[in-house]
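Student: Could you take me through one part of this model closely, beginning with how exposure is judged and then following a single strand out to its neighbours and to the rest of the chain?

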Amino acid sequence: MRGFLYSFWFLMIVIHSGQFALEGEKIEGLTPLSELGRLHDLLASTEGSMVWKLSSGIDKLERPWLFVDVEGEVQLVCQRCLKPMPFFVNVGSTLVQFPDEAHLDDAENADEDLEGIVIDPELDVIALIEDEILLALPFASRHEDCGADRIVLKDSKPNPFAVLAQLKTREAE
């Protein structure tokens, strides 16, 4: 892989994450939303694709890192009107790698802004991309203004307090 940029479509991509970073590798791809099964329940449609890049290297503390860059538009479901709502995903995350959970925990305790993972000899790149997309989605998506599409329920019965207020006004006269 050294020195080349690879493009993948519809493939399972498995890398040794530590070795990938030591060699400073880069890969990129275009993955259809239909291939990202964990997203399906959150989407109004599985049409479209996500463009991604994975680059790597070693930081000044001699730790391997991965940089995940993901872009694309998804159609979420608005929680107010239940209609499709476009949402643009633009993620850029640097993941510092550690040999085990103990080293990762120590580093995260020392630096609360650090995003880290344990070195994985069989890292599924598409699963990593999907994880980053899931983290970027809003908890409860909704349009700024659902506008005329919003249903307003009106009660045909008069408000009982308004009727009492009228009776009280009549008694005072």
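Tutor: A residue is called buried when its relative accessible area is under 20%, exposed when that value is over 50%, and partly exposed in between. The model is a predicted one, and the part to look at is strand S3, which covers residues 26-32 and includes Lys26. Lys26 has a relative accessibility of 46%, and therefore counts as partly exposed. Although Lys26 and Ser56 are separated by 30 residues in sequence, their C-alpha atoms are 6.5 Å apart in space.

The strand pairing gives the setting for that pair of residues. Strand S5, made of residues 49-58, is joined to S3 by 7 bridges, and the two strands run in the antiparallel sense. Within this pairing, Val51 of S5 stands opposite Leu30. On general grounds, side chains in a regular strand alternate between the two faces of the sheet.

S5 also pairs with strand S6, which spans residues 64-77, and here 8 bridges hold an antiparallel arrangement. One of the residue pairs involved is Leu54 with its bridge partner Val68 in S6. S5 and S6 together form a hairpin in which 5 residues lie between the two strands, and Glu62, in the turn, has a positive phi of about 65°. S5 is thus a partner both of S3 and of S6.

Two residues of S6, Leu76 and Val77, fall in its span of residues 64-77, and Leu76 and Val77 are also among the residues that line the largest pocket. That lining further includes Asp41, Leu42 and Gln79, together with Leu134, Leu137, Pro138, Phe139, Ala140 and Ser141. Sorted by class, the lining comprises 8 nonpolar, 2 polar and 1 charged residues, and the volume of the pocket is about 170 Å³.

For the wider context, the chain contains 4 helices and 9 strands, and their order along the sequence is β-β-α-β-β-β-β-β-α-β-β-α-α. If one takes the contacts between residues at least 6 apart in sequence, 55% of them join residues at least 24 apart, and the 30 residues of sequence separating Lys26 from Ser56 can be read against that background. Of the 173 residues in the chain, 32% are buried, while the area that the chain exposes is about 11,500 Å², with carbon and sulfur atoms supplying 53% of it.

Key: Residues numbered from 1 in each chain as written. Predicted model: local features only at pLDDT ≥ 70, side-chain atom pairs only at ≥ 80, totals over all residues. Heavy atoms only, no water. 1 Å grid on protein atoms, 1.4 Å probe; cavity = no way out; pocket = protein on both sides within 12 Å on 5 of 7 lines; lining within 4 Å. Points joined across faces, edges and corners; volume = space filled by probe spheres on them. Nonpolar A, V, L, I, M, F, W, Y, C, P; charged D, E, K, R; others polar. Buried < 20%, exposed > 50% of the residue type's maximum accessible area, 1.4 Å probe, protein only. Contact = heavy atoms within 4.5 Å. Areas by Shrake-Rupley, 256 points an atom, 1.4 Å probe, with all protein chains shown as cover. Pairing = 2+ DSSP bridges.
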